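Please look through the sequence and the model before reading on. The paragraphs below go through a few parts of it in turn.

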Amino acid sequence: MTEFIPKNLPIPQTIETIKVLKKTISANRALAKLNGVAKIIPNQAILINSLVLQEAKDSSEIENIITTHDELYRASIDISNITNEAKEVQNYSFALLKGFDLVKENHLLLKKYIVKIQEELEQNGAGVRCQSGTNLKNAQTGEVVFTPPQNYETIQNLLDNLEKFINEPNDNDPLVNMAIIHYQFESIHPFYDGNGRTGRIINILYLILKGLLDIPILYLSRYIIKNKNDYYRLLQEVRTKDALEEWILYMLDGVEQTSIETINLVEGINNLMEKTTDEVKEKLPKIYSKDLIEILFMHPYTKIDFLVDKLGITRQTASKYLKELEHLEIMKSIQIKNSKYFINSQLFAMLQKGI
Ligand SMILES: Nc1ncnc2c1ncn2[C@@H]1O[C@H](COP(=O)(O)OP(=O)(O)OP(=O)(O)O)[C@@H](O)[C@H]1O
Ligand SMILES: [Mg+2]
């Protein structure tokens with residue numbers, strides 16, 4: 001099969017059709033609401049932490065790297081003996097957070113950052129493809145559906161063009177651009193592996209870059225899993241049928257649906273935090289502090305060390321606090337090997353369900 005070389009951006013034809021424009025309005029509205037609602041959570045790290053892990057799990061699942069929430073949460077607080085899958089999912093969240101820092105600091109999303117993100121994700125320095133032979137195959141039939149550019153220089157030139165498109169202003173709605181960028185990136189397919197996941201990280205970073213979101217909390221992977229056949233089909237049909245409008249509408253719908261779901265989740269977490277605050281204030285006034293509540297929500301699993309470090313108390317006191325919280329059934333203790341962990345079960349359940 002001959003290779004497909006995507007055209008340089010911008011795309012010459014009109015892409016903001018009436019249908020697309022209509023959908024950008026509702027998608028932007030939902031996204032702006034999410035960005036606002038996120039601010040009700042007093043410590044933004046709480047949301048970043050929990051939602052990044054969720055996204056890492058979902059995005060990796062598209063690649064058939066399956067973890068359970070439990071494995072994942074344990075892995076993320078360094079419990080030994082984690083599975084390879086959990087390790088890969090963890091790499092995804094490190095890669096995403098690294099990208100977030102780079103974009104926040106530099107107000108740019110450069111090619112070299114994208115290379116760094118993929119390196120972090122795959123934990124190898126292979127970089128941009130310089131040997132031919134990469135094909136995309138249909139997972140069921142093994143048939144080659146798409147051969148991306150094979151020549152190193154062609155790939156680099158296309159990436160330079162994409163970098164320009166990402167960072168220089170244009171008149172399109174940023175959400176429309178995000179869809180175009182994702183298509184273009186996946187079609188360049190610059191790496192040997194991890195292109196899908198890197199591309200999905202670029203989506204969120206682009207929204208940060210354009211100021212649509214302050215923190216990385218809109219994750220489309222759950223939507224993509226639910227609509228996975230459409231994801232592959234529509235990407236393909238932009239190439240084979242020039243069906244850009246359908247692809248853009250698919251992505252806009254993803255932004256809208258996911259924003260609405262995430263708003264519910266953020267509100268759910270906020271309500272639970274308030275409820276927990278009230279309960280601890282009333283029943284355990286001696287141990288209550290705003291910081292304590294935040295620690296319990298920073299991660300579904302809490303260790304005695306977290307309290308020691310963040311509250312500046314002794315291990316003995318920290319352990320007493322957690323026991324009292326367990327007594328109120330706010331936390332549930334589990335023993336893993338030689339260590340004791342305390343689970344915020346309601347938060348755990350909420351994140352698992354994704355509301
Ligand atoms: N026909 C296609 N045209 C363009 N891109 C495609 C096509 N089919 C699949 N893709 C993209 O290629 C990705 C898979 O590539 P790769 O294996 O390098 O990435 P990954 O991150 O390891 O995998 P995954 O996306 O499955 O997690 C898909 O997620 C999708 O984004
Ligand atoms: Mg892969």
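What follows covers a ligand site, a group of helices and two single residues.

This is a predicted model, in which local features need pLDDT of at least 70, side-chain atom pairs count only at pLDDT 80 or more, and totals for chains, interfaces and linings use all residues. Residues are numbered from 1 along each chain as its sequence is written, while chains are lettered from A and ligands numbered from 1 in the order in which they are written.

Ligand 1 is surrounded by 16 residues, the closest being E63, E186, N195, G196 and R197; a residue counts here if its C-beta atom, placed from the backbone, lies within 6 Å of the molecule. Two or more residues of this shell come from each of β2 (144–146), α7 (174–188), α8 (195–209) and α10 (228–241). Helices (H or I, at least four residues) and strands (E, at least two) are DSSP runs, numbered from the N terminus. The largest contribution, 4 residues, is from α8. By class the shell holds 6 nonpolar, 6 polar and 4 charged residues, where Ala, Val, Leu, Ile, Met, Phe, Trp, Tyr, Cys and Pro count as nonpolar, Asp, Glu, Lys and Arg as charged, and the others, Gly among them, as polar.

Next come the helices. In α12 (residues 290–298), L292, I293, I295, L296 and F297 are buried, meaning that 20 or more other C-beta atoms lie within 10 Å of their own (exposed is 12 or fewer, partly exposed in between; C-beta atoms are placed from the backbone). These buried residues pack against α2 (44–62), α11 (244–283), β3 (301–302), α13, α14 and α15 (345–353), a contact being two C-beta atoms, placed from the backbone, within 7 Å.

Two of those partners, α13 (residues 304–311) and α14 (residues 315–327), have axes that come within 9 Å and cross at roughly 120°. Axes are lines fitted to C-alpha atoms, for helices over the stretch in contact, and angles run from 0 to 180 degrees between N-to-C directions. The pair is therefore oblique, since under 35 degrees is roughly parallel, over 145 roughly antiparallel, 65 to 115 roughly perpendicular and the rest oblique. From α13, I304, L307 and V308 meet R315, A318, S319, Y321 and L322 of α14. The residues of this contact comprise 6 nonpolar, 1 polar and 1 charged.

Finally, N135 lies in the loop between α5 (111–122) and β1 (136–137). N135 is partly exposed, because 15 other C-beta atoms lie within 10 Å. Leaving out residues up to four places away in sequence, N135 touches V144 and T147. E267 sits in helix α11; E267 and I41 are 226 residues apart in sequence but 8.6 Å apart in space, C-alpha to C-alpha.
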